[in-house]
Amino acid sequence: MCGIFGYYNFGVGRSRKAVLQLLFTGLRRLEYRGYDSAGVCIDKLSTTVASAVAPIQSSRYDSVHLDDSVGLAARKRSALQHRNLQKPRVSNAVIIKSAGNIDALEAQAKRQLKDEDIVDSDILDNHCGIAHTRWATHGPPEARNSHPHTSDPLHEFTVVHNGIITNYKTIKELLEKNGAVFESDTDTQVVPKLLKYVFSKIDKLSHHQPTLPELVMEVMSQLEGAFALLIKSSHYPGELVAAKRGSPLIMGIRQATLASVNGVAAADIEASAVSKTLELFLASDASAVVEHTNTVLILEDHDCVHIAKGAFEVFNAHQTSPSKSVQRVHQILNLEVNHIMKGGYDHFMQKEIYEQPETLARTMQGRIAFDTAAKDDKVVNPFGSQRVVLGGLQGFLPAIRSSRRMVFVACGTSYHAALACRQTVEELTDIPVSLEIASDLLDRLCPIFRDDAYIFVSQSGETADTLRALRYAKQQGALCIGITNTVGSAIARDTNCGININAGFEIGVASTKAYTSQIVAITMMALALSEDSRAKAAVRDEIVASLEALPDVIREVLKLDGDIQKLAAELKDSNSLLLFGRGYNYATALEAALKVKELVYMHSEGILAGEMKHGPLALVDEHMPMIVLATQDRACNKMHSVVQQLRARGAAPLVVCNVGDDQIAGVCEGGESRLIRVPKVADALQPIVNVVPLQLLSYHLTVLRGFNVDQPRNLAKSVTVTEE
């Protein structure tokens, strides 16, 4: 739930000020993951090439190393293992921490550098810096709980961490018995103190110094939970280790000739290693890397990357021989810098709402054949070939069709997307569909059968509860399907098959475009599963036609923005908001209520309209603001009845209805001023159209009340921790 960022430079002269700006910018790109406190660690002095210890050579990355002499790796290993331990007397690390956002951290850095007489213009040509932006889970958002955390006042080991150490209490008790003093309330601080403890034990037992990755992998074996770690040590100057289990971590690689640093030549990955410079960018997410390079390694669970002397090597703690390096193929990011910029909008959420016509088209691109018209006076048979092709599911469609039931597992907005599609999936496949909130499924350890199909929905692909539920379902032998917005995420890797929704990068904490793309992706899955049924042809044709028109329909809905802003002005002083929905639109009511809670800090509740008389009606009076979703689906007449019942008790609800619905005007008091009219599409897709004006409403309410739209209090974008 936090964000970590590391920057390593070798042979590239960077001023201390430039290094700090790189770290601050990296944190700003990750601030959606947590923004209640932050910190950085840099060095007072540049680590000279002579004092840096090179990692063991790896044939996979020969082009990255500066010296490829035969037998050099073995000599380096021997020298490392027989070097006497040297305890540092003076710390070279500068640790800067602050409560608040990155701006507060930057201000603290200026004060601290000035107080400590550290010159920010000094050139650091061999340096590694690490940084962290926090979403508080253990201890309040104070400077003492901010990362980086250290082992002792001399900063022998310094760590930043994203994730949660579930057995930290046991480790803490052990370390305290051995004299360790903890300065913070966090789970993270056990890591640097355990590193120091293990390091000192090796000193007493063998008087030989292990390599830094060997030390880290030994400590990893003692940790339980999910984590991504960046680790520096004064015992290993110039070295950096990145390790992960469960939490996301990628490494961007920028390698160039010396001439290119001065703009003379372009970056050349195939150039001679002797003249190489190397810059590495380690981050929780691609958004912090893409402006520097699009060449990345996506680290896998139990990976441990050792960086030193202009080279890096990857180990894996779960290999038969952990000391032997492993191969990791680099990937090219399909992400542009403009995707992580506001692009003229006031807020990322506003931009992402307005991007939905394009993101919905991208979700469908290359997956649906819309053209079934007659050509050359010949009638085209739309059933002659598949109209919906989902590459990630193709080989698994028969297994899904033969499943006993389909179970969607998700949290938050992703759960609402699955709920919005439940009726569509059941109608098209004739397979029973149930929904599970991931944390509740784990609490109950509900029975799972081998002929179940479990669909795990997560935007990030790293949601902790959903990921744990996936691993539980796999243990029970169920077919596991993933629907995510992140290629290479843990859920995408661990499921048998799946769909990437291709919604693009979403920075605003409150999800908008990912939600609507999730609905489209699940709907396409239902269409693909039903293509062997002629009885469902008419329903499929209606949905496919609406999918084709959907981007243009959303553009029309976005034209309501001005009217929605006026409604927001009427509601901005309210203390509560009720939303009523039924059928397909129950999920819309829940999702809109969640957006108001997240952003506006107003009590809001999505209510299943069929349950209105079983308690919620007691809340209704002339002062209670409420919105009724009454578009023209099969529950339309029932929703008209809901409006009448609310009016009978003095309420004046706002009603979301379809363009051309004349009947609703007679039901709703106040005429058109109380109506939000949206275009009519197939029932299965109406929740997408209906939610857009409510997204705009929550956005404008937040702005009018003066709150931070993109960074609501106490929340973060990706929930990668659990309560355990």
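**Exercise 1. Work out which strands helix H13 lies across, and how the sheet around these strands is ordered.**

Solution. In this predicted model, begin with helix H13 (residues 464–475), which lies across E15, E17 and strand E18 (479–484) and runs at about 165° to E17. Next, place these strands in their sheet, an open one of 5 strands in the order E16-E15-E17-E18-E19, with parallel pairing. The edges are formed by strand E16 (433–437) and strand E19 (497–500), each of which pairs on one side only. On average, neighbouring strands of this sheet are turned by 20° against each other, if direction is ignored. Finally, turn to helix H11 (residues 412–429), which lies across E15, E16 and strand E17 (452–458) and runs at about 170° to E16.

**Exercise 2. Describe the pairing of E15 with E16, and find the bridge partner of Val409.**

Solution. Strand E15 (residues 405–410) runs parallel to E16, and 5 bridges join the two. Following the bridge from Val409 into E16, one arrives at Glu436.

**Exercise 3. Decide which way the side chains of strand E10 point, and whether they are buried or exposed.**

Solution. As a starting point, recall that in a regular strand the side chains alternate between the two faces of the sheet. In E10, Lys276, Leu278, Leu280 and Leu282 point one way, while Thr277, Glu279, Phe281 and Ala283 point the other way, and all are buried. This agrees with the count for the strand (residues 276–283), in which 8 of 8 residues are buried. Then look at the pairing: strand E1 (residues 3–15) is joined to E10 by 6 bridges, and the two run antiparallel. Within E10, Phe281 is the residue that stands opposite Tyr7.

**Exercise 4. Check whether the length of helix H19 agrees or disagrees with its number of residues.**

Solution. Helix H19 (residues 636–648) has 13 residues, so at 1.5 Å a residue it should span 18 Å, and the 19 Å between its end C-alpha atoms agrees with this. The buried residues in H19 are Cys636, Met639, His640, Val642, Val643, Gln645 and Leu646. Among the elements that cover them are strand E20 (576–581), strand E22 (626–629), strand E23 (654–658) and helix H20 (663–667). After H19 comes Gly650, whose phi is positive, near 90°.

**Exercise 5. Explain why Ser698 counts as buried, and list its surroundings.**

Solution. Ser698 belongs to helix H21 (residues 686–704). Its relative accessibility is 0%, and therefore Ser698 counts as buried, the cut-off being under 20%. The side chain of Ser698 reaches the backbone oxygen of Gln695 at 2.8 Å. Leaving aside residues up to four places away in sequence, Ser698 touches Met349, Lys595, Val596, Leu599 and Val600.

Technical notes
Residues are numbered from 1 along each chain as its sequence is written. This is a predicted model: local features need pLDDT of at least 70, side-chain atom pairs count only at pLDDT 80 or more; totals for chains, interfaces and linings use all residues. Side-chain values use heavy atoms; hydrogens and water are left out. Buried means under 20% relative accessible area, exposed over 50%, partly exposed in between (1.4 Å probe, protein chains only). Helices (H or I, at least four residues) and strands (E, at least two) are DSSP runs, numbered from the N terminus. Two strands pair if DSSP finds at least two bridges between them. A polar contact is a pair of N or O atoms within 3.5 Å; within protein, one must be able to donate a hydrogen and the other to accept it, and residues adjacent in sequence count only if both atoms are side-chain atoms. Contact means heavy atoms within 4.5 Å. The expected span of a helix is 1.5 Å times one less than its number of residues. Axes are lines fitted to C-alpha atoms, for helices over the stretch in contact, and angles run from 0 to 180 degrees between N-to-C directions.
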